[in-house]
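Trainee: I have a model open and would like to learn how to read its strands, cores and single residues. Could you walk me through it?

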Amino acid sequence: ILPVAGWAFGSNSNRPPRAAPRTGAYRLHETPPSSAATESASSDDAALGEPICVYETVTITPSGMNDGEPPRQAVSVEDLTPRMKAFLASSGMRNGVVHVISRHTTTAITINERESRLARDVEDFFLKICPPDDRSSSERRKEGVRYLHNDIELRPDGKEEAERCRDNGWEIDDPDELKRWRDQEPINAHSHLISMMMGSSECIPVVEGEMVIGQWQSVLLVDLDGPRTRTVGVQLMGYR
């Protein structure tokens, strides 16, 4: 058998060669780009426009939420598209991408039609797949359904989770503080699980200053444990 360049013999003889490490923008054994090529790349960048990378945190207050109203584990759908379009227009970006991400573990981001009856279908569909715990405050709670996450009296479960509570400002080594932390924890495992199914981010192309979405498409925030004031992160990357 003839040896293959870049392959080693022995116990790992069938392993393919490793990719060559990179130095700058070219491979180690390749010739660095010439000054002419560099100038050409600079010209291409100039033709694209001025690079831009900007970020904004957008606050969303659910429609129909009353001041001081406590969360009741309601499901709602909010249209982010107008806020994203306004941010895009103010930035002056012409071509690139816009990224949007939920900053919560019981919300989701999706692209679909914003229609009130469809929003109710979304709630019905996902709560049939993943119904609320029978200890939940949700009107849709289902008898006999139990999730481990909702065993609040057993949490935090382990040193790592205890440390995460401390990192978030809860002095849970104090019994009174631990009780306060447990009392404010919602029975919302189903909301977390549905969020994982739906996803927490989207990336949309931008061409000639417009998001490339269809006529009936909207970028939607689905709140699975509301109503609550929520935030999403929006980042623009491209050229103006």
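Mentor: Happy to. Let's start with one pair of residues: Thr110 stands opposite Leu220 in β9. Keep in mind throughout that this is a predicted model.

Trainee: Which strand does β9 pair with over six bridges, and in which sense?

Mentor: The general idea comes first. Strands of a sheet pair through backbone hydrogen bonds, either parallel or antiparallel. Here, β6 (residues 107-112) and β9 pair in the antiparallel sense over six bridges. Besides the pair we began with, Thr107 stands opposite Asp223 in β9.

Trainee: Which strand is joined to β9 by five bridges?

Mentor: That is β4 (residues 74-79), and it runs antiparallel to β9. As a pair to look up, Glu78 has Leu221 of β9 as its bridge partner.

Trainee: What is the strand order of the open sheet?

Mentor: The order is β4-β9-β6, three strands with antiparallel pairing. The edge strands are β4 and β6, each of which pairs on one side only. On average, neighbouring strands of this sheet are turned by 25° against each other, ignoring direction.

Trainee: Which helix lies across this part of the sheet?

Mentor: Helix α6 (residues 189-198) lies across β6 and β9, and runs at about 160° to β9.

Trainee: How many residues of β9 are buried?

Mentor: Nine of the nine residues in β9 (residues 218-226) are buried, so the strand is mostly covered. When you look along a strand, remember that in a regular one the side chains alternate between the two faces of the sheet. For the whole protein, 33% of the 240 residues count as buried.

Trainee: Now for the cores: which residues have the most contacts inside the largest nonpolar core?

Mentor: They are Leu80, Met84, Val98, Val100, Val232 and Val234, in a core of 19 residues. Two or more residues each come from β3 (51-60), α2 (81-91), β5 (95-102), β7 (201-207), β9 and β10 (230-239). A second, separate core has 15 residues, including Ala108, Ala119, Phe126 and Leu220. You have met Leu220 already, opposite Thr110.

Trainee: What is Val100 in contact with, apart from its neighbours within four places in sequence?

Mentor: Its contacts include Leu80, Met84, Val232 and Val234, and also Ile109, Ile204 and Val219. For the protein as a whole, of the contacts with a separation of 6 or more, 78% are between residues 24 or more positions apart.

Trainee: Let me try a polar residue. Is Ser136 buried or exposed?

Mentor: Ser136 counts as buried because its relative accessible area is 4%, under the 20% cut-off. Its place is in the loop between α3 (116-129) and α4 (159-167). The side chain of Ser136 reaches the backbone nitrogen of Ser138 at 2.9 Å. Not counting residues up to four places away in sequence, Ser136 touches Gln73, Arg141, Ile187 and His190.

Trainee: And the cysteines: how many disulfides does a search of the whole structure find?

Mentor: Zero. You can still read cysteines by accessibility: Cys165 is buried because its relative accessibility is 8%, while Cys203, at 43%, counts as partly exposed.

Trainee: Finally, how many helices and strands are there in the protein?

Mentor: The secondary structure comes to six helices and ten strands. A good next exercise is to trace β4-β9-β6 on your screen.

How values were computed: Residues are numbered from 1 along each chain as its sequence is written. This is a predicted model: local features need pLDDT of at least 70, side-chain atom pairs count only at pLDDT 80 or more; totals for chains, interfaces and linings use all residues. Side-chain values use heavy atoms; hydrogens and water are left out. Helices (H or I, at least four residues) and strands (E, at least two) are DSSP runs, numbered from the N terminus. Buried means under 20% relative accessible area, exposed over 50%, partly exposed in between (1.4 Å probe, protein chains only). A polar contact is a pair of N or O atoms within 3.5 Å; within protein, one must be able to donate a hydrogen and the other to accept it, and residues adjacent in sequence count only if both atoms are side-chain atoms. Contact means heavy atoms within 4.5 Å. A disulfide is a pair of cysteine sulfur atoms within 2.5 Å. Two strands pair if DSSP finds at least two bridges between them. A nonpolar core is a set of buried Ala, Val, Leu, Ile, Met, Phe, Trp, Tyr and Cys residues joined through side-chain atoms within 4.5 Å. Axes are lines fitted to C-alpha atoms, for helices over the stretch in contact, and angles run from 0 to 180 degrees between N-to-C directions.
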